[in-house]
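Open the model in your viewer and keep the sequence panel beside it. The stops below go one selection at a time.

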Amino acid sequence: MFRPLLPLLCCLLASPVFAAASTLAGTWRFDPRRSTELSPWQDYTLTLTVDGDRVTILQQLGAGRRGFTDKMNLNVAQPDNVVPVALWADNRHIGAYIGGDKTKHVRAEWLDGGRILRLHTDLVLSTSQGDRAVNILSDYKVSANGAVLTLTELRSTRNRPVVYVFHRAK
Amino acid sequence: MTAPPLSRVFSLLLACACATLALAQPAGTVKAARAPATATLIPLSENWQMTGDLPVHALLISLQGLANRTAPRLYLEYPKTWQWEIVHPLIGFLERRHGVKFDRLGLDDADAALTRFAAHSKGVVVWDKAVRSSLIVAFTIAGVEDLVVVNEDQIALAAAHGLKPVVDLRGRFTGQPDHVIYQWAYDQYWTRCSRDYYVVMGGEAGAVMQPGIADFGIQQRAFFTDLSANPKHAEELALLKRILGGQNPASIVLGWHSYAKDTEGQHTTLVGNYGLMMEGLHNLPNVSFTSQIPLTPEFKFANNHHVTSATTLRAEPTVYLCAVATDSMGIGTWTKPGRGRIPYTWQVLMNWAWMNPPALQFFYEDKSTNDYFIGGLSGPGYSYPKSIPADKFPSLAAIGRRLMAQLDLRVLEIMDYSEGNRHVGNTDLPKELVDRYYHEYPDVLGFINGYGSARTFDLRDGKPFLSYDYYLSLDRPEEEAAADLEELIQLNPARPYFLLMHVRERNTIEKVANIIDRLSEPVEVVPLDVFLKLAAGAKTYRTHYQQPTDPVNLNP
């Protein structure tokens with residue numbers, strides 16, 4: 001009896017209607033105990049804003065008197081979002097810097113009814129030997145109770161995943 | 001033949017004068033013919049609280065500076081937890097290699113110390129327990145007036161040894177900000193202080209002070225402050241600029257910036273602006289003693305060289321890794337397990353050749369076959385080359401060249417955090433500065449650059465200029481560090497790949513070796529001179545300098 005409704009349900013789960021109500025939206029504070037070691041940064045705050053197809057990810061990294069803020073505006077409906085990159089902040093221990101035309105190409109999609117935001121990112125990093133294309137798969141997942149956000153990043157050049165855990169700011 | 005124009009004669013004379021100045025050693029560090037047969041040793045406790053044992057330590061340190069002014073007589077045994085960890089090994093070295101017999105007094109025994117050395121003092125200067133900065137002013141006065149530093153609780157003890165108050169700072173600075181306090185000291189004493197040494201008595205702030213370098217500052221009659229280089233503190237900065245601008249060219253700034261006021265970057269940049277040499281360890285102890293101890297007669301500084309300037313090496317299609325430890329030998333891991341396990345490079349603070357000869361002799365004699373020494377940091381002392389005016393650079397480089405030759409060093413390490421650091425901004429050099437280094441240091445095997453990773457690379461006449469591709473943070477777990485190195489190896493696919501790694505301070509060699517053992521791809525760990533020769537023969541790195549479009553983050 002319900003079988004004909006299943007495709008409709010799937011469409012609804014992936015639709016912006018669910019995205020708009022995503023539990024991802026909000027401000028998230030870094031939990032160093034449960035995360036991949038963050039140095040050279042000491043603090044990390046994520047703020048996600050969801051407005052229909054539009055998602056804004058505000059990344060605030062801090063270390064002592066220095067900090068870095070990056071705001072990424074994405075349209076989930078667009079197959080390719082071209083985002084300017086001022087600084088590649090993901091791993092400042094290694095000699096890799098934003099290269100190419102200093103942009104990244106990002107495709108975003110909602111999964112599981114807006115519980116997961118998945119980003120497919122292509123960018124070019126500049127190293128001592130030259131430019132190198134890199135792909136990053138990032139999953140922003142909210143826990144069942146909506147209190148914990150886990151960001152898992154798989155970089156094509158890194159053998160280990162990077163896992164950052166955040167708690168919803170009160 | 002016509003006579004040269006007067007302007008040329010003047011230029012020549014000026015050049016000769018500059019050259020003489022550049023080769024001169026700062027005054028007041030005349031070596032004794034030999035180390036003393038006997039010396040007094042006083043152990044110090046671990047408490048450096050203003051309301052704890054600091055007063056007795058300040059008394060002893062000031063007494064040490066005066067007692068050692070004409071000969072090395074008093075050595076203070078700092079606690080085993082002291083950041084500069086060579087205090088204790090150096091005692092054994094002085095006994096073994098110089099035959100010094102130490103007469104050990106009791107812990108913090110000021111009474112016994114005054115019994116022996118009060119005659120070197122003309123009285124006491126009393127600092128105000130309620131005003132921390134008054135102690136720093138008291139250090140200046142101690143050097144200028146030959147006074148021991150005491151607080152009101154110690155006046156009776158000093159009097160029992162015939163030392164009466166000559167200057168009393170109690171109540172003088174109540175409620176005054178530091179720029180007013182130090183202005184008073186400047187007006188009263190600066191003209192009588194050394195033009196060769198200025199002491200930044202910073203580091204820890206508030207309830208703690210660790211004035212390990214103060215004995216040397218007092219011995220040299222240096223002016224002491226903890227003035228801020230932070231533009232937010234305009235009055236302090238103005239006075240600090242006046243002080244630095246009044247010192248001799250290429251003279252010494254001892255000590256370290258105040259953690260409560262400004263940043264390392266602000267302080268180092270400002271010192272560079274005046275073309276001065278910073279010896280940046282505020283808790284470096286016993287220099288009034290060790291600066292007078294000559295090298296043993298048969299000793300010559302000899303490095304572990306693996307190549308000569310004429311050597312040509314052919315690199316294999318592999319990954320070459322070289323690990324370099326900086327951050328001042330003696331506050332890192334020299335005494336920790338693992339040294340000798342892999343080839344390892346150590347940056348030598350070159351001014352210690354005259355400031356702390358026994359310490360350098362200790363390191364050179366204690367080195368394993370896998371330890372290799374290089375010069376730094378950016379020249380003699382610690383400086384940011386971008387902050388040094390071009391006309392002040394050659395005289396500093398002349399000192400650097402002389403010290404490198406004396407210390408048998410063939411590689412120079414450079415660091416510049418004047419426009420950024422490991423997080424933001426840039427740590428690179430423009431081509432003009434790279435040109436200057438190649439010009440001023442023609443005899444090196446090569447240069448290395450950075451602290452965190454950097455991207456200045458070059459190769460000229462077989463001499464590479466390479467930057468660190470990796471910074472091993474203290475916090476980085478081994479598995480993440482191994483993943484970092486593997487990522488770099490992925491990101492740099494051409495072989496040979498030259499992976500230069502900076503190892504931060506207290507990371508042990510054991511940790512570095514364990515990280516390398518975890519790598520899924522074999523790498524060859526080589527000493528830096530071999531690394532540079534291999535890199536000279538296979539330029540798989542791109543020439544790159546700081547670009548005008550690079551981000552700049554001046555020190556906040």
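Two strands count as paired if DSSP finds at least two bridges between them. Keep that in mind for the strand stops. One caution before you start: this is a predicted model.

**Stop 1: chain A as a whole.** Select chain A and colour by secondary structure. You should see two helices and 11 strands. Walk from the N terminus: the order is α-α-β-β-β-β-β-β-β-β-β-β-β. Chain A has 170 residues, and 28% of them are buried. Now consider its contacts between residues at least 6 apart in sequence: 41% of these join residues at least 24 apart.

**Stop 2: strands E2 and E3 of chain A.** Select residues 43-51 for E2(A) and 54-63 for E3(A). The two strands pair in the antiparallel sense, over nine bridges. Show Thr45(A) as sticks. Which residue of E3(A) stands opposite Thr45(A)? Gln60(A) does. Then move to the hairpin, where two residues lie between the strands. Pick Gly52(A) there; its phi is positive, near 65°.

**Stop 3: on to strand E4 of chain A.** Keep E3(A) and add E4(A), residues 66-75. E3(A) and E4(A) run antiparallel, joined by 10 bridges. Label Ile57(A) and find Met72(A) in E4(A), which stands opposite. This is a hairpin too, with two residues between the strands. In its turn, Gly64(A) has a positive phi of about 60°.

**Stop 4: where chain A touches chain B.** Show both chains. How many residues of each are in contact? 26 residues of chain A contact 35 residues of chain B. On the chain A side, the elements giving two or more residues are strands E4 (66-75), E8 (116-127) and E9 (130-142). So E4(A), from the last stop, returns here. Colour that side by residue class: eight nonpolar, 11 polar and seven charged.

**Stop 5: a helix pair in chain B.** Select H5(B), residues 132-145, and H7(B), residues 178-189. Two packed helices are described by the angle between their axes and the distance between the axes. Here the angle is about 10°, and the axes are 10 Å apart. H5(B) and H7(B) are therefore roughly parallel to each other; the cut-off for that label is under 35 degrees.

Now show the side chains at the contact:

- From H5(B): Ser133(B), Val137(B), Thr140(B), Ile141(B) and Val144(B).
- From H7(B): Asp178(B), Ile181(B), Ala185(B) and Tyr189(B).

By class, the contact residues divide into six nonpolar, two polar and one charged.

Terms used:
Residues numbered from 1 in each chain as written. Chains lettered and ligands numbered in written order. Predicted model: local features only at pLDDT ≥ 70, side-chain atom pairs only at ≥ 80, totals over all residues. Contact = placed C-beta atoms within 7 Å. Helix = DSSP H or I, 4+ residues; strand = E, 2+ residues; numbered from the N terminus. Nonpolar A, V, L, I, M, F, W, Y, C, P; charged D, E, K, R; others polar. Axes fitted to C-alpha atoms, helices over the stretch in contact; angles between N-to-C directions. Parallel < 35°, antiparallel > 145°, perpendicular 65-115°, else oblique. Buried ≥ 20, exposed ≤ 12 C-beta atoms within 10 Å, placed from the backbone.
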